[in-house]
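I set out to record what can be read from this structure, entry by entry. The entries follow the order in which I looked things up.

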Amino acid sequence: MITELGHFALILAFLIAIAQTVIPLVGAHKRWPGWMSVAEPAAQAQFFFVAFSFGALMWAFITSDFSLRLVTLNSHSAKPMLYKIAGTWGNHEGSMLLWVLIVALFGATAAVFGGGLPPTLKARVLAIQAAIGVAFYGFILFTSNPFLRLAVPPMDGQDLNPLLQDPGLAFHPPFLYLGYVGLSMAFSFAVGALIEGRVDAAWGRWVRPWTLAAWVFLTIGIALGSWWAYYELGWGGFWFWDPVENASFMPWLLSAALLHSAIVVEKREALKSWTILLAILAFGFSLIGTFIVRSGLLTSVHAFANDPERGVFILIIIALFTGGALTLFASRAQAMEAKGVFGLVSRETGLVVNNILLAVSCFVVFFGTLWPVVAEMAFDRKLSVGPPFFNMAFTPFMVALGIVLPVGAMLPWKRGKLRRTCWQLRYVFALAVAMMVLAFALQTGRSALGPVGLFLGTWMVFGAFADLWMRSGKSSLSDRLKRILRLPRADWGKAVAHSGLGITIFAIAGLTAWEAEDIRVAQIDEPFDVGAYTMVLRDVGRERGPNYFAVKATVDVTRDGKPVATLHPEKRDYPVARMPTTEAAIDYQFLRDIYVVIGDPQNDGGWTVRTYIKPLANWIWGGCLLMAFGGFLSLSDRRFRVAAGARKTNMQGVPAE
Amino acid sequence: MNTFLSTLGLVVLLAVSSFAVTPAWAVEPDEILEDPALEARARELSKGLRCLVCRNESIDESNADLARDLRILLRERLTAGDTDAEAMDYIVNRFGEFVLLRPTTGGANWLLWAAGPAMLLIGLIVGGGFVRGRARASTKNEDALTEDEQARLKAIMEE
């Protein structure tokens with residue numbers, strides 16, 4: 001019964017979204033206040049119904065209602081409750097429902113908090129947001145209905161892919177989708193502004209919080225996914241340049257660019273058309289990401305043919321929204337004249353460099369991801385583009401970004417002096433060089449990767465705080481410290497996020513350069529050395545979990561005779577899903593992880609044991625968390641709230657024409 | 001016939017299941033070469049070779065049987081005295097360029113390698129042009145109010 005209500009609510013939400021698209025658009029065009037004001041209650045009602053629908057699907061998963069086809073295919077009665085709930089979005093249909101739920105959530109949020117928006121812009125933004133919803137409601141109802149019943153319900157389900165039964169991955173999709181879909185808000189604002197024919201500083205200020213929020217969620221989502229790969233896939237890799245990963249990384253790069261160019265619109269009324277274009281492209285890449293993941297186009301060119309209907313539907317959505325928005329952009333972009341004037345050396349120029357580097361690096365990822373398909377179709381060559389290509393072609397952009405960042409972030413607006421800013425950073429530069437030389441002297445290999453990473457990390461982290469320090473003016477130490485603490489949260493957010501990026505870059509370089517690895521057949525109670533540590537395999541036993549069988553080993557780790565940790569790596573077998581998984585045992589420490597994996601038994605009674613010493617592993621995700629935290633700090637800045645109040649009084653003075 | 005069909009079914013099942021992300025056991029202890037320098041070369045090369053039945057995994061990461069066969073083949077070539085390039089050529093000749101994770105620069109692939117630098121150049125030229133334009137623009141424009149704004153200012157002043 002609840003299932004049918006959920007299905008019905010989804011259809012209702014679809015119909016409301018259609019109304020929410022058409023009526024406010026017409027109203028805004030004809031300046032009919034009554035028609036325009038439909039958007040707000042419609043956005044809220046639409047959210048209510050789709051949330052009910054999502055709740056109904058989740059209820060079916062929680063109660064293991066195997067009369068639902070989707071539940072049978074993706075759940076099992078013995079599965080722990082967390083994964084029953086996460087199972088709601090651990091499949092194609094459910095994840096699309098989550099997608100559209102978040103579209104509606106953002107629409108409803110914009111309706112509630114958008115009090116200060118000009119009425120026509122607000123009506124148009126909500127209508128565009130609803131139009132995105134309409135496309136995806138249609139997609140779900142016509143090609144991927146989650147509410148299909150089975151005529152003969154089975155006794156039990158087929159279980160969720162065991163690799164996905166993990167807390168890190170349970171929350172990975174919701175965050176990622178909050179990010180993807182958050183960019184739909186920037187898209188709606190961009191298209192709304194294009195229809196209005198007006199982009200000004202206020203527009204930049206309205207778009208920025210949505211972009212910032214989307215970027216923060218994307219950062220968390222990508223970090224969760226990468227962390228999951230690190231501890232779950234069994235050898236500690238954290239980034240594979242897989243098409244599916246690239247699909248989430250491209251919107252991240254573009255939204256980072258958008259976030260920065262919107263500052264220029266807000267503060268200096270320049271880069272307007274570029275910012276609009278970025279907003280369209282960023283959401284376009286979110287859609288392309290959805291398409292890549294959902295169609296299986298890039299997993300194998302042939303998997304696409306297995307489900308052409310879905311792939312084609314999403315392709316049409318992409319063509320309609322991105323193509324339509326770009327056409328509109330082409331016809332209106334000239335109208336957006338830049339106002340701000342700035343010198344060759346200025347913060348504005350720094351942000352232009354930031355945008356070039358981020359956008360081009362995104363282009364490289366895009367080109368590399370699609371190249372195998374292009375090469376096969378156009379040149380009849382079956383080839384692969386893998387991590388070695390991306391590491392070579394992408395990394396230089398990040399290195400350049402890291403070098404430029406502290407200088408660009410400290411340059412004053414309008415007109416600056418490069419020599420002056422570089423002089424202010426002299427101690428930071430000296431420190432970074434010293435760290436690099438030290439690392440080069442201490443390490444055993446001759447690779448420059450680690451030292452360069454340390455240089456960049458030091459340069460960016462201390463550069464960010466030198467910026468805060470310089471802003472505190474000239475007076476006594478305690479006064480300066482007080483002033484630093486009283487700086488606006490946006491400034492703190494900037495420093496924290498930039499140093500987070502520095503830490504992540506350093507950690508990736510350090511981990512790649514200084515990792516130690518050992519693969520061997522270990523005999524029980526026979527110690528072996530890995531790096532500075534001594535490992536002993538004590539015991540291997542069998543255990544039974546709620547829905548799996550496990551082989552569980554006990555490994556003692558000591559250093560110079562002192563115990564460090566006792567680790568229990570597992571190898572699990574999920575009989576229902578017929579799939580083995582490894583559960584690596586990791587001793588997390590501030591400076592390094594010890595990562596142990598148990599393999600197969602050998603004929604001589606030993607076991608394959610893999611040990612990795614991974615320096616700085618936690619720093620990768622620590623840096624990501626700092627980036628996200630910096631984003632939150634900036635999001636909580638007074639400026640956005642004060643501006644909201646100021647806008648209201650402003651807008652009352654404008655007649656409705 | 002029945003055995004043929006069931007074998008076929010099994011092959012399809014295996015092919016399908018290997019597309020899913022599977023845990024990697026990768027290099028097994030019995031594959032490792034005695035000579036550490038040779039083994040290091042083999043590891044480095046295997047990171048650039050694709051496991052043909054996997055989803056975007058190198059043979060160094062994959063636990064598929066085919067990846068293991070390739071790893072052993074690569075080590076055999078290296079032990080036989082091949083240089084890195086010779087060993088890679090040998091494998092590419094047998095399995096096609098699909099096996100290379102780092103595409104060659106030959107043929108149309110120059111497009112792939114040149115795309116990033118070319119785009120950067122375009123970006124720098126366009127961006128540089130824009131910044132120069134902004135630096136030369138007259139400052140009058142910036143502070144001047146539009147007619148709308150002037151009207152609004154007037155209204156506010158009168159209040």
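Before the sheet entry I fixed one term: two strands pair if DSSP finds at least two bridges between them. I also note at the outset that this is a predicted model.

**Entry 1: the sheet of chain A**

I began with the strand pair that holds D587(A), which stands opposite I594(A) in β9(A). Four bridges join β8(A) to strand β9 (residues 592-601) of chain A, and the two run antiparallel. I then traced the sheet as a whole. It is open, has four strands in the order β1-β10-β9-β8 (chain A), and pairs in antiparallel fashion. Which strands stand at the edges? I found β1 and β8 (585-588) of chain A there; each has a single partner strand, so one side of each lacks a neighbour in the sheet. From one strand to the next, the twist averages 15 degrees. As background, I noted that strands of a sheet pair through backbone hydrogen bonds, either parallel or antiparallel.

**Entry 2: two helix pairs of chain A**

I next turned to helix packing. Two packed helices are described by the angle between their axes and the distance between the axes.

For helix α10 (residues 201-232) and helix α11 (residues 243-268) of chain A, the axes come within 8 Å and cross at roughly 155 degrees. Angles over 145 degrees count as roughly antiparallel, so α10(A) is roughly antiparallel to α11(A). The crossing of α10(A) past α11(A) is left-handed. I sorted the contact of α10(A) with α11(A) by class and recorded 16 nonpolar, six polar and three charged residues.

For helix α21 (residues 489-514) and helix α22 (residues 617-635) of chain A, the axes come within 7 Å, with a crossing at roughly 165 degrees. That angle makes α21(A) roughly antiparallel to α22(A). I recorded a left-handed crossing for α21(A) past α22(A). By class, the contact of α21(A) with α22(A) has 18 nonpolar, nine polar and two charged residues.

**Entry 3: positive phi in chain A**

Most residues other than glycine have a negative phi. I therefore looked up two aspartates that depart from this.

D380(A) has a positive phi of about 55 degrees although it is not a glycine. I located D380(A) in the loop between α15 and α16 of chain A. Is D380(A) buried or exposed? D380(A) counts as exposed, because it has 7 C-beta neighbours inside 10 Å.

D525(A) is also not a glycine, and its phi is positive, near 65 degrees. I found D525(A) in the loop between β1 and β2 (528-530) of chain A. With 10 other C-beta atoms within 10 Å, D525(A) is exposed.

**Entry 4: chain B and its contact with chain A**

I counted seven helices and zero strands in chain B. Along the sequence, chain B follows the pattern α-α-α-α-α-α-α. Of its 159 residues, 26% count as buried. Among contacts in chain B with a separation of 6 or more, 52% come from residues 24 or more positions apart.

How many residues does each chain give to the contact? Chain A gives 47 residues and chain B gives 44 residues. On the side of chain A that touches chain B, α15 (347-379), α16 (387-410), β1 (516-522) and β7 (579-583) each supply at least two residues. I noted that α15(A) gives the most to this side, with twelve residues. The residues of this side divide into 28 nonpolar, 14 polar and five charged.

Conventions:
Residues numbered from 1 in each chain as written. Chains lettered and ligands numbered in written order. Predicted model: local features only at pLDDT ≥ 70, side-chain atom pairs only at ≥ 80, totals over all residues. Axes fitted to C-alpha atoms, helices over the stretch in contact; angles between N-to-C directions. Parallel < 35°, antiparallel > 145°, perpendicular 65-115°, else oblique. Left-handed = near helix turned anticlockwise from the far one by under 90°. Nonpolar A, V, L, I, M, F, W, Y, C, P; charged D, E, K, R; others polar. Contact = placed C-beta atoms within 7 Å. Buried ≥ 20, exposed ≤ 12 C-beta atoms within 10 Å, placed from the backbone.
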